[in-house]
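Student: Please take a close look at one part of this model. I should like to understand how a single element sits within its surroundings.

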Amino acid sequence: MSIKDRLSGNEAVAIAMRQINPDVMSAFPITPSTEIPQTFSSFVANGQVDTAFIPVESEHSAMSAAIGSQAAGARSLTATSSCGLALMWEVLYVAASNRLPIALALVNRTLSGPININCDHSDSMGARDSGWIQIYSENNQEAYDNFVQAYRIAEHAAVRLPIMICQDGFITSAAVENIELLADRDVQGFVGEYHPESYLLNSKQPLAIGPYAVSAYCMEAKRAQLEALKNAKQVTLDVAKEFAALSGREYGLFEEYKLADADYAMVIIGSAAGTAKDAVDQLRAAGQKVGLLKIRLFRPFPGEEIAAALQKSKVIACMDRTESFNGRCGPLGAEVKSALFDAQLMPPVINYVYGLGGRDVTVEDFITVFAQLAEIEQTNDGGKKYRYLSLRE
Amino acid sequence: MQNSVEKYLRMDKLPHIWCPGCGNGIVLGAMVRAFTKINCNQNNTVIVSGIGCSSRAAGYMDFDTLHTTHGRALAFATGIKLAKPELKVFVIMGDGDAASIGGNHLIHAARRNIDLTAIIFNNHIYGMTGGQYSPLTPLDSMATTAPYNTIERNFDLAELAKAAGATYVARSTTYHATMLTNLIVAGATHKGFSLIEAVTACPVSYGRRNKMGSGYDMMIWQKEHAVPVQKARNLTPKEMQGKFAVGELYKAEAPEYTEVYDLLIKKAQGIPKEG
Ligand SMILES: Cc1ncc(C[n+]2csc(CCOP(=O)(O)OP(=O)(O)O)c2C)c(N)n1
Ligand code: SF4
Ligand SMILES: [Mg+2]
């Protein structure tokens, strides 16, 4: 049974958290994710959840407290944005390497400087190699649905890794949209109780978490962690299948939108996918074969599947909402190009940087991108491979 | 004639964007008045700020300014002072900035007695992020993270700084703006780590939730709860309950860090002491 409501992305995630009823939330406020712990703290204060809420004094402490409580066998979570995530850096790796399935609601915001509070993906993209599973959401509904699925993926015996559920700051976090919620008991049934195999203070199984590993063992530990991360791909699909049976809403590793026969494809992450779909619709109505691939799972990166989905595309645009300062491409561009290369596909790929620091991106902007792709095919001239979209020059 | 404080303000950045009734403008006013009193030289003064409503003040002052990250202003300022000890360095922080996320930097800057002038805008709350309680929120207050009142005890920032080694500690309020100006003057001319706590009203994120009325009412609250330090010394803890002392709370002499540092380097290089 679904419940219709109107919620901001932050409220939707806070409600998912209430329905999950985790054991511990530690958090520190930062725009634009503040509303999540704030809303949740009222659920705690009103006795609607059994969660212990820890209003810590920094994000480093928020993640550290979550690591401590998760290690003690308590289902733990936090929420943050931007420099808050950056301040967690050191301990993000600790959470992942200790195989602690913490959930983090990330509301994407740019990193300083210049100081700016608006959306881009530089925060989570910076953390993309920290060993966390990363899932991105296009709208409020997806942010909610992804959060409901988070623990099932993270806690799976073959995975046991922390998970970051991302949504775009302000664009979805503050905007109020129609949404369908699941009943509390359905979420509880779906997510289930947390029964960790090992945890601190279990007198039958004393445990050392986070000890020093000499060079003879350190590498094996990392390799084992990689296997777990790779397993998250299949588990994400399995969990999505069960979720579809419950909610009627289907999710995969990514979404293909009018992609099957598209000559010109766009690969994109997050809320701008909605805008890009409008551009696709308009161009399709005018008879152009354009399509879209929207990333859901970014870590682990489903490279083979993405290459297969793009194999018919003649020219591809990779849209990065971050500048990764490597001098030649953004993180999404790098991933997609390496996936295509491994699949021995060599279409022209143009990497666009867009929407930094909340720069608005419109349907017209995306139409321009598709026009540039068409031009590249017609003139057989790839031109610049790394471009900025709607930059004031 | 140009108003004498104007030369210290970036007039093109005014009016400021603080909420109506916010006390931050009064603290800013006290700062620029203090600058005129000490005839502050813009060419050898740096203003460093953290992140928060209060830290915006740095943007309104016509100096070389460094707007940093939340909680770390003192660490940046320490770097500036060590690189160029001849500079005068003011550090602007909120109560969250100074005592919560950046509390560690505060105690260590105080412990080293490095010659920085720290001005803490204490509005008893995280103003910028919408009213979450800080380590300076009085016990039993309402906050967005404490819908049924806070149960955590608050720091006395002045006592904390003193215990950590600060050699000049003072407190005033936006109601006592002239006193605030004078304390900033004294702190700025003191050699060593000085901390001036400015109690200021945040009617929007703190006052409203705690039924304290408008910015004006909150200044009256300051008037009624502040006790001059000379008087406070003769009152019992019970009599001081819920009140706070204002004025010059502590002053001491101790070796200043950049000077001691300089001496050490000279010694290591075998350069004999002057005089
Ligand atoms: C690492 C980090 N975490 C969180 C924030 C979000 N943040 C901005 S200002 C602020 C609190 C401000 O409170 P305070 O220091 O008292 O300054 P005020 O706004 O009250 O003047 C917070 C938590 C941030 N900017 N950086
Ligand atoms: S929120 Fe409070 S501290 Fe910030 S500008 Fe408004 S009144 Fe001032
Ligand atoms: Mg404050």
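**From the domains to a single helix**

Tutor: The centres of domain 1 of chain A and domain 2 of chain A, taken over C-alpha atoms, are 28 Å apart. The model is predicted: local features need pLDDT of at least 70 and side-chain atom pairs count only at pLDDT 80 or more, while totals for chains, interfaces and linings use all residues. Residues are numbered from 1 along each chain as its sequence is written, with chains lettered from A and ligands numbered from 1 in the order in which they are written.

Domain 1 of chain A covers residues 2–247 and domain 2 covers residues 254–388, bounds that come from an automatic or database domain assignment. Where the two meet, 25 residues of domain 1 of chain A and 21 residues of domain 2 of chain A take part in the contact (C-beta atoms, placed from the backbone, within 7 Å). On the domain 1 side, at least two residues each come from helix 5 (122–126), strand 6 (133–136) and helix 8 of chain A. Helix 8 of chain A makes the largest share of that side, with five residues.

Helix 7 of chain A, residues 184–191, deserves the closest look; its buried residues are Val187(A), Phe190(A) and Val191(A). Here a helix is a DSSP run of H or I of at least four residues and a strand a run of E of at least two, numbered from the N terminus. A residue is buried if 20 or more other C-beta atoms, placed from the backbone, lie within 10 Å of its own, exposed if 12 or fewer, and partly exposed in between. Viewed down the axis of helix 7 of chain A, the buried residues fall within an arc of 90°, so they line one face of the helix; the arc is that of the directions from the axis to the C-beta atoms. In general, an α-helix has 3.6 residues a turn, so residues three or four places apart point the same way.

What does the buried side of helix 7 of chain A pack against? Its partners are helix 1 (9–20), helix 6 (140–154), strand 8 (176–182) and helix 8 (215–247) of chain A. Helix 8 of chain A thus appears twice in this account, as a partner of the buried residues of helix 7 and as a contributor to the side of domain 1 that touches domain 2. On the face turned away from the buried side, helix 7 of chain A carries the exposed residues Arg185(A) and Gly189(A). Just after the helix, Gly192(A) takes a positive phi of about 75°.

Around this helix stands the rest of chain A, with 12 helices and 15 strands. Its C-alpha atoms fill a box of roughly 70 × 55 × 45 Å along the principal axes, and 53% of its 393 residues count as buried. Among contacts in chain A between residues at least 6 apart in sequence, 80% join residues at least 24 apart.

Chain A also meets chain B: 14 residues of chain A and 16 residues of chain B form the contact. On the chain A side, helix 2 (residues 35–45) gives the largest share, four residues. Residues from both chains, A and B, surround ligand 1, so that site is shared between chains; a residue is near a ligand if its C-beta atom, placed from the backbone, lies within 6 Å of it. Helix 4 (82–97) of chain A and helix 4 (95–101) of chain B are the elements that give two or more residues to this shell.
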